[in-house]
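Reader: I have a new model open and would enjoy talking it through with you. Could you guide me from one region to the next?

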Amino acid sequence: MTLHSLSLAQFRSWAKLDLHIDTRPMAFHGPNGAGKTNILEAISMLSPGRGLRGVQPADQARQGPDAGWRIRARIDESDVETGARPNASREVSIDGKAAPQIALGRLMRVIWLTPTMDRLWSDAPEVRRRFLDRITLSFLPAHAEETLTYDKAMRERNRLLRDQIADAGWYRAIEAQMAQSGAEITRNRQAAIAALITAQDGAATAFPAATLTLLAGEGHADDADPVSIAERLAAMRGRDMAAGRSLSGPHRADLGAHWGPQDMPAALSSTGEQKALLLSLILANARALQDESPVLLLDEVAAHLDADRRAALYDEITALPAQSFLTGTGAELFTDFGPRARLIEITRDGPGSIATERD
Ligand SMILES: Nc1ncnc2c1ncn2[C@@H]1O[C@H](COP(=O)(O)OP(=O)(O)OP(=O)(O)O)[C@@H](O)[C@H]1O
């Protein structure tokens, strides 16, 4: 899939922006607060969910005129539009027809790396689980439906638990649904991890490969087996009722990562090593998706790499059949690209952002 153009209206610092996009990496440079990340965030909104900042749609509307925001894009042969009116949820249309957000995931695969992900390995399991689910979604768009089904059933079970309802029949029906979707979610995650491992193996990359494992959050039951999940949920009803929520299941899973000759847990590695590991996974994700020609968003990644790694990153992303978008404060961060990338300077004019392309 190819992103051909992007237009923004009233999106964060952008009153208006029209970008023609080709297959070369695009590097946005300019001072802090100029509006570079806002462009990457807009591109991330061409996938299901809340985008790379994970905020409510109302926060993305440009301050001032209360008219909502709009993003238009040409993806392959389709005209895609998304946006939100004031105080309303996000809408999506494809070729003029209203579509669910999930449809975006089938149209284009978007992967991102932002500075807020730097603490991934030392953060709570939930953060790694969301990271893994996003990667899983990039391989298997149907993962979104499965997660929604599971979450709905779990909310229902939690309501019964909180209300101290003891009717075993109700629990059985809901737990059967959780077991079915939960096992599917685990299998999807396992498949995503396997795809990442394959994409790391044998790749000529300057970034370290990791040994990845899917960790069950609680107990040692097989979360890929619906019977095992259902049995555990039934056995745990008493304890879950005391807690008022479901304490075990695929919604408690975690992503483990070890690397290097000493098989070092990622959380114990240095800041720079953790960043390199993360970048390695993101590049493996893009490599594994090359048939889909994904979109790769790298926010302020260049500034944190030494010169050799930076040059290696640019070689790798230029060779990938992906469309890449990068940000950094200075144009000098991107000189190693040479003519392989398009450099676009982003500046501020009062409250609004301006984009100027260099020849
Ligand atoms: N809803 C909004 N309406 C108007 N301006 C906004 C809105 N949300 C954020 N901004 C402005 O956008 C700017 C931040 O933009 P962005 O994060 O894209 O900057 P950046 O160029 O990536 O900067 P940095 O190099 O510091 O990361 C800030 O000045 C902020 O005030």
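Author: Gladly! Let me begin with a definition: the expected span of a helix is 1.5 Å times one less than its number of residues. Please keep in mind that this is a predicted model.

Reader: How far does α8 reach from its first C-alpha to its last?

Author: Helix α8 covers residues 271-288, and it has 18 residues. At 1.5 Å a residue, the expected span is 26 Å, and the reach from first to last C-alpha is close to that, at 26 Å.

Reader: And how far apart are the end C-alpha atoms of helix α5?

Author: Helix α5 takes in residues 168-200, which is 33 residues, so at 1.5 Å a residue it should span 48 Å. The separation in the model agrees with that expectation: the end C-alpha atoms are 46 Å apart.

Reader: Which residue just after α5 takes a positive phi?

Author: Just past the end of that helix, the phi angle is positive, at about 75°. The residue there is Gly202.

Reader: Which residues with a positive phi are not glycines, for example in strand β1 or in the loop between α4 and α5?

Author: In strand β1 (residues 3-11), one such residue has a phi of about 55°; with 19 C-beta neighbours inside 10 Å, it counts as partly exposed. In the loop between α4 (143-162) and α5, another has a phi of about 60°, and its 9 C-beta neighbours inside 10 Å make it exposed. They are Gln10 and Gln164.

Reader: Let's turn to the ligand. Which residues come nearest to it?

Author: The shell around the ligand holds 16 residues, and by class these are three nonpolar, 10 polar and three charged. The largest share, three residues, comes from α1. Those that come nearest are Asn32, Gly33, Lys36, Thr37 and Asn38.

Reader: Where does UniProt place its "binding site" feature?

Author: The feature comes from an unreviewed UniProt entry. Its positions include Asn32 and Gly33, and both of these sit in the loop between β3 and α1. In full, the record lists Gly30, Pro31, Asn32, Gly33, Ala34, Gly35, Lys36 and Thr37.

Reader: Is Asn32 buried or exposed?

Author: A residue is exposed if 12 or fewer other C-beta atoms lie within 10 Å of its own. Asn32 has 7 such neighbours, so it counts as exposed.

Reader: Is Leu40, in helix α1, buried or exposed?

Author: The cut-off for a buried residue is 20 or more other C-beta atoms within 10 Å. Leu40 is found in helix α1 and has 26 of them, so it is buried.

Reader: Which helix gives the most to the largest nonpolar core?

Author: In soluble globular proteins, nonpolar side chains tend to be buried together. Here the largest nonpolar core has 76 residues, of which Ile43, Leu196 and Leu297 touch the most other members. One helix gives the most to this core, with 10 residues, and that is α8.

Reader: How many of the residues of α8 are buried?

Author: Helix α8 is largely enclosed by the rest of the structure, because most of its residues count as buried. The count is 15 of the 18.

Reader: One last stop: how far apart in space are Pro208 and Gly260?

Author: Pro208 is in the loop between α5 and β9 (210-215), and it is partly exposed, with 16 other C-beta atoms within 10 Å. Pro208 and Gly260 are 52 residues apart in sequence. From C-alpha to C-alpha, their separation in space is 7.5 Å.

Notes
Residues are numbered from 1 along each chain as its sequence is written. This is a predicted model: local features need pLDDT of at least 70, side-chain atom pairs count only at pLDDT 80 or more; totals for chains, interfaces and linings use all residues. UniProt positions are given in the numbering used here, feature names are shortened, and annotations may be inferred rather than shown by experiment. Helices (H or I, at least four residues) and strands (E, at least two) are DSSP runs, numbered from the N terminus. A residue is near a molecule or strand if its C-beta atom, placed from the backbone, lies within 6 Å of it. Ala, Val, Leu, Ile, Met, Phe, Trp, Tyr, Cys and Pro count as nonpolar, Asp, Glu, Lys and Arg as charged, and the others, Gly among them, as polar. A nonpolar core is a set of buried Ala, Val, Leu, Ile, Met, Phe, Trp, Tyr and Cys residues joined through C-beta atoms within 7 Å.
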